[in-house]
Amino acid sequence: MPRKHKTLPRLFIDQPLATGDQLKLEKAPSNYLVNVLRLNEGDEVILFNGQDGAFRATLVSGSKKAAQLEVAEQTSAQTPPSQIDYIFAPIKTARLDFMVQKATEMGVNALRPVQTQHTQMSRINYDRMRANAVEAAEQCEILNVPTVHEAQTLEKLIANWANTDPERKLIFADEETDVTDAAKALKPLGQSKVAVLIGPEGGFSEAERELLRAQSFCVPISLGPRILRADTAAIVALTLVQSNIGDLR
């Protein structure tokens with residue numbers, strides 16, 4: 001994206017985008033542009049939708065209930081989706097917000113909560129998760145907003161793995177693993193599709209750990225000698241994966 005476009009505010013919209021389009025926004029994004037960002041008619045913004053790339057657009061009508069935009073040229077082509085899904089046991093709201101934002105910044109393709117024996121949070125605000133992912137994408141010039149999946153139990157996730165995503169490897173952080181060299185364990189995966197699994201604050205139960213270790217598609221790794229909170233573990237694990245087999249190499 002040209003440097004002059006980097007100073008423009010960015011807005012995710014759930015609408016198709018193409019040069020020359022005339023867009024009428026819904027109330028929420030209209031209010032954001034007019035009341036929050038205080039844009040006036042003639043001001044510019046960068047739009048993206050996770051599918052068509054990024055486009056420069058001009059505000060032609062500043063109504064806070066139904067702002068209208070004219071789409072100009074494309075400023076960035078759509079980037080291909082990541083090969084990394086992020087699977088996690090939900091944690092308390094404020095730290096979950098942080099974790100979702102950082103996972104989005106790290107380039108994950110999907111956010112997939114799972115319920116485990118020691119999961120502390122059973123109620124999940126999916127709209128809030130989606131909003132945090134969108135906000136992180138807007139702020140960090142990310143064109144792919146991760147898909148938010150509904151929660152399922154770890155047992156169901158494992159049972160359905162072969163039918164839903166048989167080619168994807170499941171990398172899970174196991175504090176009791178003998179695999180202490182994470183880089184060595186990850187390198188053979190090459191360009192494979194992967195998912196990164198972080199357990200709950202209390203760790204996996206012994207039965208869950210045995211279940212994971214018994215699967216041919218599971219790859220246990222250690223995150224080091226220290227005990228990490230779940231949100232910190234997410235950043236460490238995703239950094240290891242991206243730096244060894246992802247786009248940080």
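Here is a short chat about reading a sheet, a loop residue and the cysteines in this predicted model.

Me: Let's start with the sheet. How many strands form it, and in what order?

Reply: In general, strands of a sheet pair through backbone hydrogen bonds, either parallel or antiparallel. Here 5 strands make an open sheet, ordered E1-E3-E4-E5-E2, with mixed pairing. Strand E1 (10–12) and strand E2 (22–24) are the edge strands, each pairing on one side only. On average, neighbouring strands of this sheet are turned by 40° against each other, direction ignored.

Me: Which helix packs on the sheet, and which strands does that helix touch?

Reply: That's helix H3 (residues 126–139), which touches E1 and strand E3 (44–48). The direction of H3 makes about 145° with that of E1.

Me: Now zoom in on E4 and E5. Do they run parallel or antiparallel, and how many bridges join them?

Reply: Strand E4 (residues 54–61) and strand E5 (residues 68–76) run antiparallel, joined by 6 bridges. The link from E4 to E5 is a hairpin through 6 residues. If you want pairs to click on, Leu-59 sits opposite Leu-69 in E5, and Ala-54 is opposite Ser-76 in E5.

Me: And what about E2 and E5: in which sense do they pair?

Reply: Antiparallel, over 3 bridges. For a residue to look at, take Gln-22, whose bridge partner in E5 is Glu-70.

Me: Let's leave the sheet. Where is Thr-177 found?

Reply: Look in the loop between strand E10 (169–173) and helix H5 (182–186).

Me: Is Thr-177 buried or exposed?

Reply: The idea is to compare the relative accessible area with a cut-off: under 20% means buried. Thr-177 comes out at 13% relative accessibility, so this residue counts as buried.

Me: Which residues does Thr-177 touch?

Reply: Leaving out residues up to four places away in sequence, Thr-177 touches Arg-213, Pro-220, Ile-221 and Ser-222.

Me: Last topic, cysteines. How many disulfides does the structure hold?

Reply: A disulfide is a covalent bond between the sulfur atoms of two cysteines. The count in this structure is 0.

Me: Then take Cys-218: buried or exposed?

Reply: Cys-218 is buried, because its relative accessible area is 10%.

Me: And how does Cys-140 count, given its relative accessibility?

Reply: Cys-140 has 35% relative accessibility, so it counts as partly exposed. The partly exposed class lies between the buried cut-off of under 20% and the exposed one of over 50%.

Conventions:
Residues are numbered from 1 along each chain as its sequence is written. This is a predicted model: local features need pLDDT of at least 70, side-chain atom pairs count only at pLDDT 80 or more; totals for chains, interfaces and linings use all residues. Side-chain values use heavy atoms; hydrogens and water are left out. Helices (H or I, at least four residues) and strands (E, at least two) are DSSP runs, numbered from the N terminus. Buried means under 20% relative accessible area, exposed over 50%, partly exposed in between (1.4 Å probe, protein chains only). Contact means heavy atoms within 4.5 Å. Two strands pair if DSSP finds at least two bridges between them. Axes are lines fitted to C-alpha atoms, for helices over the stretch in contact, and angles run from 0 to 180 degrees between N-to-C directions. A disulfide is a pair of cysteine sulfur atoms within 2.5 Å.
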